[in-house]
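Hi there,

I am handing over the structure we talked about, and my notes on it follow right below. Have a look whenever you have a moment.

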Amino acid sequence: TKVCDDLQVKIKTLEASQTAEEEASAASQKELSDRHEATLAKEQELIAQLKEIEANLTEATSTKEEVNAELGKHKSAALEKEEEMTRVCDDLQSKVKTLEA
């Protein structure tokens with residue numbers, strides 16, 4: 001029975017060791033799962049930030065195009081005014097020469 005007792009002790013020791021290993025494995029799996037969840041949450045947060053940046057960039061591009069169009073209108077109007085002033089100045093110079101002659 002000494003042999004039986006020794007075997008029972010060994011069995012209990014092995015069972016306890018196996019239980020401890022299973023618990024450690026479960027804890028490790030839980031930690032990996034928690035890390036995975038945290039990584040997924042961070043990924044979703046980054047995706048949301050990228051979408052916001054993309055929307056801001058689209059809006060900025062649209063605004064830039066509007067500003068450029070408005071600038072083009074003002075530039076065109078300024079060129080027309082400049083041409084008109086040049087014509088008026090040329091006409092005045094012509095009149096002055098006519099009067100001087």
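Lysine 42 counts as partly exposed because its relative accessibility is 44%; here buried means under 20% relative accessible area, exposed means over 50%, and partly exposed lies in between (1.4 Å probe, protein chains only). Lysine 42 forms a salt bridge with glutamate 45, with 3.7 Å between the closest N and O atoms. A salt bridge is counted when a side-chain nitrogen of Lys or Arg lies within 4 Å of a carboxyl oxygen of Asp or Glu. Lysine 42 and glutamate 45 are three residues apart in helix α1, so about one helical turn separates them. Glutamate 45 is partly exposed too, at a relative accessible area of 39%.

Before the rest, a word on the basis. This is a predicted model, where local features need pLDDT of at least 70 and side-chain atom pairs count only at pLDDT 80 or more, while totals for chains, interfaces and linings use all residues. Residues are numbered from 1 along each chain as its sequence is written, and side-chain values use heavy atoms, with hydrogens and water left out.

Now the overall picture. The protein has one helix and zero strands; helices (H or I, at least four residues) and strands (E, at least two) are DSSP runs, numbered from the N terminus. Helix α1 covers residues 2-100. The C-alpha trace spans about 145 × 15 × 5 Å along its principal axes. The radius of gyration is 43 Å, whereas a compact globule of 101 residues would have one near 13 Å. That radius is taken over C-alpha atoms, and the globule rule is 2.2 Å times the number of residues to the power 0.38.

How much of the protein counts as buried? Of its 101 residues, 0% do. The protein exposes about 9400 Å², and carbon and sulfur atoms supply 59% of that area. Accessible areas come from the Shrake-Rupley method with a 1.4 Å probe, and for residues only the protein chains shown count as cover.

You may like the salt bridges, five of which are found by the rule above. Besides the pair already described, one of them joins the side chains of lysine 2 and aspartate 6, at 3.3 Å from N to O. Both residues lie in helix α1, four residues apart, or about one turn of the helix. Lysine 2 is exposed because its relative accessibility is 58%, whereas aspartate 6 is partly exposed at 36%. Another salt bridge links the side chains of glutamate 31 and arginine 35, at 2.6 Å from N to O. Why are glutamate 31 and arginine 35 separated by about one helical turn? The reason is that they are four residues apart in helix α1. Glutamate 31 is partly exposed, with a relative accessible area of 41%, and arginine 35 is exposed at 52%.

On charge, the protein carries 14 positive and 24 negative side chains, and the centres of the two sets lie 3 Å apart. Lys and Arg count as positive and Asp and Glu as negative, without His and the chain ends; each charge is placed at NZ of Lys, CZ of Arg, CG of Asp or CD of Glu.

Two surface patches are worth a look in your viewer. Glu80, Glu82, Glu83 and Glu84 form a negative one. Patches take residues with over 30% relative accessible area and no salt bridge, joining like charges within 9 Å and nonpolar side chains (Val, Leu, Ile, Met, Phe, Trp, Tyr) within 5 Å. Within the negative patch, glutamate 84 is partly exposed at 41% relative accessibility. The nonpolar patch is formed by Val3, Leu7 and Ile11, which together have about 290 Å² of accessible area. Isoleucine 11 is partly exposed, with a relative accessible area of 47%.

Finally, some C-alpha distances to check against your copy:

- Aspartate 6 and glutamate 45 are 39 residues apart along the chain and 58 Å apart in space.
- Glutamate 70 and aspartate 91 are separated by 21 residues in sequence and by 32 Å.
- Leucine 32 and threonine 13 lie 19 residues apart in sequence, with 28 Å between them.

Of these residues, leucine 32 is partly exposed at 46% relative accessible area, and glutamate 70 is partly exposed at 38%.

Best wishes
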